[in-house]
Amino acid sequence: MHNNFIHSSVGRHSRQVVIKKRILCPHDDMEVSSETGYFHQYAKKFRRTLTAQEVDQFAALTTDRERFAYVNELKWRVVNELPLEQSSPAKGKCLEKALKHKCEGDRALGDGEWAVALKCYNRAYLLLPEENALEKALLLDNRSQVLLQLTKLDQSLADIDRAIGYGYPPDQLATLWERKARIFQTKKDFKSAVECYDKTIHYLQQYPTGLPPEQLAQKLDDLKKLTDTVYYQYKNVQKYLEPPKGTRPFQPHLDGAVLYDSSETEGRFAKAKAALRPNQLILREKPHAAALLQEYSGTHCSDCFERIEVLYCCPHCVDVVFCSERCERNGCESYHRYECGFLGTLWASGATIVSLLALRIITQKPCAYFEEIRHELPELSASMTDKLPDDDYRKIFNLVTHSDKRTPEDNLVWTLMATMLNTVLRMANYSAAGEENNFLGYLLLHNLQVVNYNAHDVSEVQRKHANEPALSVAVGAALYPLLALFNHSCDPGIVRYFTGTTVHVRTIKNIAAGALIAENYGPLYTRMARSERRQSLATNYKFECGCEACAADWPTCANMNHAVIRFRCTGPDACHRPVLYDLHSSSQGVRCGACGHIVDVGERIRILREANMISRFNEANHLYQVGMYEQALAKYAAIMLIMDEVLVPPYRDYHMCQQGMRRCCLDMGSCYVSYPASEK
């Protein structure tokens, strides 16, 4: 018997997910700015203006309110070094470029290259200035035709409505209303189809299309007959039709077996109220706030992070795009109305995703909202905030900041960043007075620290071609109030994956009642030695890890001794401690060093052999390869249960099975294939 049954077959995988960094890391991209932008130089110049006495005075301050007020009072010494300005309206919009892309789309439309045409029309729509209403109407008409060919019926209808709203020529409106009618007829919405056919007849009568009178009369007669037929269908078939299905509202989920507790050493943390088995979905959560990385601002929806198929955009800038009218409305009516025109200069400043997310937490709510809850913030309790929805600022206010563990030099730079972000709010007329608001500045400084230690990368699985290895790549960052309370382990019990901005959390091992439910902040015991892990976590997250893998100093995968099996003690006192057995030994029994019970090694080996583990693992691999992720997960989970009954980690098979579960989960989330086989 050899416990390396999984490792021996893993080399046959071709389709797998390579997991890159999965949680924001303070000393990589978690600083408030990069060295390449102008903020870095601005901060250095500001620091040089301070006297030694002023530095000491700042270092003596103990609250973020005091720090912000102090730096905000002194920043004017170098304010001319801060090239922060709002871009002019419609910066990046260009009628000439837009019309060029439209011409390319028209050619592709004529050639039946629907996907190419859609991309061209999307680009043209982004670049069209808002004042060119007629050009927008005509462009949306063409995009509607493409979407109809791609069977995206609802999006096609939305483009028709927008084209009409932009002032589509009245003498051509009959064409749009007839297209709407036929789409509704296809959707079996006969009532709407009748209304649209009536509109078609109306516009044909009001604005003859240049058809000879006989042809026009024939067309009107055909339309009236068709309308009567559809009306008959409506009256006689409606009682048999299911009511139209609306969009299902998002349902957050927290498993009843998850309990939030607290202690002086651990802070607030998640633990198991009842035993959890592998492959349980224990959390599904929308973020309190989310922000895209700059490099994905043109390909992903600014509001929900979905990849763009049909593009919607801000009428005044080209810095953000949206995937739907709903997301466009959400963005432009809340956070983007204050960020519009400033994103470009913030990117140029070197402001990282930490700073952008700290700002977004403010801009997504009106100023009056924060003033209203201002007096409550110092008195918040967990019993009160636990009852609040995730979009309530009070829900995230008390998340850990470690402000007492940061050096004065770091505090100085972070506070200066808060003053710059506060200047953005002032210039965007965020507050009614249009003046600098020290309270908002304090909140921005607080948010920077909350984001730094509690936000997560939002990832997407990316492949060049189907059935090729993939990378899990961060496209943005988000703050999840419930997920943020999960503590770290170098041997985590959960995996998280994303659909848009929604996070899903599943268990990947047995978690006993009362045990910590731990995620991973970056370093895994399988890849990194304990000394390196502890140094990384202490530097980035201000704690010394005491998880089981660190306490027992588990070896990395490369250093595991595969000649020794770690059997679980079967003693009557349920000690469950590891009993080590050398494969070269002829002994059939091994005494537990903890309780003295003699474990029947032969019987344990028989259980593993009869479980037919290699066959089970190969079946799970196959299910994963053909895209049956739920079924593959169930297989992997069943293997984990058998192994956990007989063996005690660490051992490589345990790790490989968990990796299989992680791959399945990541592929169940947002995925992107650059060159799908079906694309021309």
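Select L254 and then L283 in strand 5, and you will see that these two residues stand opposite each other. One step back along the chain, H253 stands opposite R284, which also belongs to strand 5. The model on your screen is predicted, so to speak with care: local features need pLDDT of at least 70, side-chain atom pairs count only at pLDDT 80 or more, and totals for chains, interfaces and linings use all residues. Residues are numbered from 1 along each chain as its sequence is written, and side-chain values use heavy atoms, with hydrogens and water left out.

**The sheet**

Now select residues 253-254, which are strand 2, together with residues 281-285, which are strand 5; they pair in the antiparallel sense over two bridges. Helices (H or I, at least four residues) and strands (E, at least two) are DSSP runs, numbered from the N terminus, and two strands pair if DSSP finds at least two bridges between them. Strands of a sheet pair through backbone hydrogen bonds, either parallel or antiparallel.

Add residues 502-507, strand 12, which pairs with strand 5 in the antiparallel sense over four bridges; here E285 stands opposite V503 of strand 12. With strand 11 also selected, you have four strands that form an open sheet in the order 2-5-12-11, with antiparallel pairing. Strand 2 and strand 11 (494-499) stand at the edges, and each has a single partner strand, so one side of each is left without a neighbour in the sheet.

Next, show residues 652-668: this is helix 26, which lies across strand 11 and strand 12 and runs at about 20° to strand 11. Angles run from 0 to 180 degrees between N-to-C directions, and axes are lines fitted to C-alpha atoms, for helices over the stretch in contact.

**Two helices that cross**

Move to helix 4 (residues 64-74) and helix 20 (residues 438-454), which pack at an angle of about 115° with their axes 9 Å apart. Which residues in helix 4 and helix 20 meet? On the helix 4 side they are D64, R65, R67, F68, A69 and N72, and on the helix 20 side N438, F439, G441, Y442, L445, H446 and Q449, where contact means heavy atoms within 4.5 Å. By class, this contact has five nonpolar, five polar and three charged residues.

**Salt bridges**

A salt bridge is a side-chain nitrogen of Lys or Arg within 4 Å of a carboxyl oxygen of Asp or Glu, and by this rule the count comes to 37. Select K45 and E81, whose side chains meet in one of them (2.9 Å, N to O). This pair links distant parts of the chain, since K45 is in helix 2 (residues 38-49) and E81 is in the loop between helix 4 and helix 5 (95-110), 36 residues apart.

Then select K152 and E309, which form a salt bridge with the closest N and O atoms 3.1 Å apart. Is K152 buried or exposed? At 19% relative accessibility K152 counts as buried, whereas E309 is partly exposed, with a relative accessible area of 46%; buried means under 20% relative accessible area, exposed over 50%, and partly exposed in between (1.4 Å probe, protein chains only).

In helix 10 (residues 190-206), E195 and K191 are four residues apart, and therefore separated by about one helical turn; their side chains meet in a salt bridge (3.0 Å, N to O). As a last stop, select E603, R604, R606 and E610, which are linked in a network of salt bridges.

Technical notes: Nonpolar A, V, L, I, M, F, W, Y, C, P; charged D, E, K, R; others polar.
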